Amino acid sequence: IVLTDVEEEQQLPTEFALLHNYPNPFNPSTIISYELPKTSNVEIKVYDIIGNEIATLVNEEKSPGVYNVEFGIRSSKLSSGIYLYKLTAGDFVQTKKMMLIK
């Protein structure tokens, strides 16, 4: 038997996770990663430090897996400071901080 190709086996996440954005601090954009162990209705929103909603990045049903979504300020008038991003997937809710530096 001659092996000519080896495929990497992709493993699905075993639990929900919202990862830290990269880069952080950021300007003009950052990547937010998250993991889903099962099919879920996913919502990712960005808020300013006082709780005003800035953007909805994801609002749809997603299959199990690892995902990345970009948050950019190219067309917005956001000021430097701390912002929050929140993942809601089924009963799982988690929020993390990110910093914009202009």
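Two strands pair if DSSP finds at least two bridges between them. Strands (E, at least two residues) are DSSP runs, numbered from the N terminus. The exercises below concern a predicted model, in which local features need pLDDT of at least 70, side-chain atom pairs count only at pLDDT 80 or more, and totals for chains, interfaces and linings use all residues. Residues are numbered from 1 along each chain as its sequence is written, and side-chain values use heavy atoms, with hydrogens and water left out.

**Exercise 1. State the order of the strands in the open sheet of 4 strands, and name its edge strands.**

Step 1. The order is β4-β3-β6-β7, and the pairing is antiparallel.
Step 2. β4 and β7 (92-100) each pair on one side only, which makes them the edge strands.
Step 3. On average, neighbouring strands of this sheet are turned by 15 degrees against each other, direction ignored. The axes behind such angles are lines fitted to C-alpha atoms, and angles run from 0 to 180 degrees between N-to-C directions.
Step 4. Take β3 and β4 as one pair: they are joined in the antiparallel sense by 8 bridges. Within this pair, tyrosine 47 has glutamate 53 in β4 as its bridge partner.

**Exercise 2. Describe the pairing of strand β2 and decide whether β2 is largely enclosed or not.**

Step 1. Strand β1 (residues 17-18) pairs with β2 over 2 bridges, in the antiparallel sense. Here alanine 17 stands opposite glutamate 35.
Step 2. Strand β5 (residues 65-72) runs antiparallel to β2, and 8 bridges join the two. Serine 29 has glycine 72 in β5 as its bridge partner.
Step 3. Recall the background: strands of a sheet pair through backbone hydrogen bonds, either parallel or antiparallel.
Step 4. Apply the accessibility classes: buried means under 20% relative accessible area, exposed over 50%, and partly exposed in between (1.4 Å probe, protein chains only). In β2 (residues 29-36), 6 of the 8 residues are buried, so the strand is largely enclosed by the rest of the structure.

**Exercise 3. How many salt bridges does a search of the whole structure find, and which residues form them?**

Step 1. Fix the criterion: a side-chain nitrogen of Lys or Arg lies within 4 Å of a carboxyl oxygen of Asp or Glu.
Step 2. The search finds 2 salt bridges.
Step 3. One joins glutamate 53 and lysine 45, at 3.2 Å from N to O. Glutamate 53 counts as partly exposed because its relative accessibility is 44%, whereas lysine 45, at 15%, counts as buried.
Step 4. Another joins lysine 62 and glutamate 60, whose closest N and O atoms are 3.9 Å apart. Lysine 62 has a relative accessible area of 18% and is therefore buried; glutamate 60, with 43%, is partly exposed.

**Exercise 4. Is lysine 97 buried or exposed, and which residues does lysine 97 touch?**

Step 1. Locate the residue: lysine 97 is in strand β7.
Step 2. Its relative accessibility is 53%, so lysine 97 counts as exposed.
Step 3. Contact means heavy atoms within 4.5 Å. Not counting residues up to four places away in sequence, lysine 97 touches Asn21, Asn24, Ile82, Tyr83, Leu84 and Tyr85.
Step 4. Lysine 97 and asparagine 21 are 76 residues apart along the chain, while their C-alpha atoms are separated by 8.5 Å.
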